[in-house]
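User: Could you take a close look at one small part of this model for me, the salt bridges, and then show me how that part sits in the whole chain? I am new to this, so please explain the terms as you go.

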Amino acid sequence: AGCYHHFQESAMRNGKEFAGAVARSREALQEEFDAYRDRVWAQGMRKWGVWRKGLGAIRERTRTLAKAAVLDYLCIFGLLLIVATVYRLPVLARSLLRSTGGYCAPTRFRTK
């Protein structure tokens, strides 16, 4: 029972240390954010972040991102089409070689 009690105390101490480390990290992040915000505001930028933009800017950003999303989907579709086509080329070549005897364009000339 003594070993388990020691383990439990150690785990509680480690948990408190972890919670303290998380709190210190959060405070450091908040300080860095505040310092960055002060530097940005000193340069005259007041409307940073999507929520502080005008309706026109939000619409433009949305339109641009929607176009990029459509382009991404078209690229994925094109890539799948290329992969499906390229993997079918050996089958097509084999089929052409079997049906034409090695000639890509069969001739229909009589030799008599």
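Analyst: Happy to help; here is a walk from the salt bridges out to the whole chain.

A word on the ground rules: this is a predicted model, where local features need pLDDT of at least 70 and side-chain atom pairs count only at pLDDT 80 or more, while totals for chains, interfaces and linings use all residues. Residues are numbered from 1 along each chain as its sequence is written, and side-chain values use heavy atoms, with hydrogens and water left out.

A salt bridge here is a side-chain nitrogen of Lys or Arg within 4 Å of a carboxyl oxygen of Asp or Glu. By that rule there are two salt bridges. R37 pairs with D34 at 3.5 Å, N to O. R37 also pairs with D38, at 3.9 Å. Through shared partners, the salt bridges link D34, R37 and D38 into one network.

Where do R37 and D34 lie relative to each other? They are three residues apart in helix α1 (residues 2-42), so about one helical turn separates them. Helices (H or I, at least four residues) and strands (E, at least two) are DSSP runs, numbered from the N terminus.

How open are these residues? Buried means under 20% relative accessible area, exposed over 50%, and partly exposed in between (1.4 Å probe, protein chains only). R37 is partly exposed at 26%, D34 is partly exposed at 24%, and D38 is partly exposed at 45%.

Now for the wider chain. It has two helices and zero strands. Of its 112 residues, buried ones make up 2%. The chain exposes about 10900 Å², with carbon and sulfur atoms supplying 64% of that area; accessible areas come from the Shrake-Rupley method with a 1.4 Å probe, and for residues only the protein chains shown count as cover.

One more surface feature is a nonpolar patch made of I82, V86, L89, L92 and L96, with about 450 Å² of accessible area together. Patches are built from residues with over 30% relative accessible area and no salt bridge, joining like charges within 9 Å and nonpolar side chains (Val, Leu, Ile, Met, Phe, Trp, Tyr) within 5 Å. V86 belongs to helix α2 (residues 55-100) and is partly exposed at 44%.
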